[in-house]
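Subject: Structure for you to look at, with notes

Dear colleague,

Please find the structure below, together with the sequence. My notes follow it, and I would be glad if you read them with the model open beside you.

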Amino acid sequence: MKSMMGSMVRVSPPRDFVFDQLTAGQSQTLTVMERIDCTGYDKVDLLVRVHEDSTITTNGAVAVQLVSDGFTQDDPSQDFFSTVLGGQAPIVFGEGSVDAGTFEVATVSSELGSRVAVQVVGTGGSGAVTLRLSIDLVLKQC
């Protein structure tokens, strides 16, 4: 029987992500944590919790995604982020009500590389686009 070892990374304690200043359809990407070392791990679970009831207005959305981070000491001021990893869709909270206690998990088991980053992408709607989220990663060695 194969054992599974891993570790947990607290990406963000409960935090408000506010995208009210965006016009409808405009998006903004916030890199919440980067340069997360995943050397030696072959699977990552992205855990996202909603901490307060929220409403995202028409056409608005908030997505949480895991991307590869190609950081290098040779060019430390440059970001080298990929698209969403492993062919997985990001965790998306779309227009409508989002209840406190909502818990979403996305698992990535390919294309990890040596480092990853977590990003939150907000898309403006017809009004308020705000969520209070906490984000964690569970790095696993299978």
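A residue is called exposed here when its relative accessible area is over 50%, buried when that value is under 20%, and partly exposed in between. By that rule Asn-59, with a relative accessible area of 52%, counts as exposed. Please keep in mind throughout that this is a predicted model, and that the values below are computed from it.

Overall architecture

The protein has 9 strands and 0 helices, so that along the sequence the pattern reads β-β-β-β-β-β-β-β-β. Of its 142 residues, 39% count as buried, and the protein exposes about 7300 Å², of which carbon and sulfur atoms supply 46%. When contacts between residues at least 6 apart in sequence are considered, 85% of them join residues at least 24 apart.

The open sheet

Four of the strands make an open sheet, in the order β1-β9-β3-β7, with antiparallel pairing. Because β1 and β7 stand at the edges and have a single partner strand each, one side of each is left without a neighbour in the sheet. From one strand to the next, the twist averages 15°.

Within this sheet, β3 is paired on the one hand with β9, in the antiparallel sense and over 8 bridges, and on the other hand with β7, to which 6 bridges join it, again antiparallel. Leu-46 takes part in both pairings, since its bridge partner in β9 is Leu-137, while its bridge partner in β7 is Ala-106. Asp-45, for its part, stands opposite Thr-107 in β7. Of the 8 residues of β3, 6 are buried, and the strand is therefore largely enclosed by the rest of the structure.

The nonpolar core

In soluble globular proteins, nonpolar side chains tend to be buried together. In this model the largest nonpolar core holds 31 residues, and the members that touch the most others are Leu-46, Phe-93, Val-118, Leu-133 and Leu-137. Two or more residues come to this core from each of β1 (5-18), β2 (27-37), β3 (43-50), β4 (54-69), β6 (91-98), β7 (103-108), β8 (115-123) and β9. The strand that gives the most is β9, with 5 residues.

The contacts of Leu-137 are worth following on the model: leaving out residues up to four places away in sequence, Leu-137 touches Ser-7, Met-8, Val-9, Val-11, Ile-36, Val-44, Asp-45, Leu-46, Leu-66, Val-116 and Val-118.

Ile-135 and Ser-12

Ile-135 lies in strand β9, which spans residues 130-141, and it counts as buried because its relative accessibility is 0%. Which residues does Ile-135 touch, not counting those up to four places away in sequence? They are Arg-10, Val-11, Ser-12, Phe-17, Leu-46, Leu-47, Val-64, Val-118 and Val-120. Ile-135 and Arg-15 are 120 residues apart in sequence, yet their C-alpha atoms are 9.1 Å apart in space.

Ser-12, one of the residues that Ile-135 touches, has its place in strand β1 and is buried, with a relative accessible area of 2%. Apart from neighbours within four places in sequence, Ser-12 is in contact with Phe-17, Val-32, Leu-133, Ser-134 and Ile-135.

Two residues with positive phi

Most residues other than glycine have a negative phi, and most peptide bonds are trans. Against that background, two residues deserve a look. Arg-35, which is not a glycine, has a positive phi near 60°; Arg-35 sits in strand β2 and is partly exposed, since its relative accessible area is 39%. Asn-59 likewise has a positive phi, of about 70°, although it is not a glycine. Its place is in strand β4, and, as noted at the start, Asn-59 is exposed, with a relative accessible area of 52%.

With best wishes

Conventions. Residues are numbered from 1 along each chain as its sequence is written. This is a predicted model: local features need pLDDT of at least 70, side-chain atom pairs count only at pLDDT 80 or more; totals for chains, interfaces and linings use all residues. Side-chain values use heavy atoms; hydrogens and water are left out. Buried means under 20% relative accessible area, exposed over 50%, partly exposed in between (1.4 Å probe, protein chains only). Contact means heavy atoms within 4.5 Å. A nonpolar core is a set of buried Ala, Val, Leu, Ile, Met, Phe, Trp, Tyr and Cys residues joined through side-chain atoms within 4.5 Å. Two strands pair if DSSP finds at least two bridges between them. Axes are lines fitted to C-alpha atoms, for helices over the stretch in contact, and angles run from 0 to 180 degrees between N-to-C directions. Accessible areas come from the Shrake-Rupley method with a 1.4 Å probe; for residues, only the protein chains shown count as cover.
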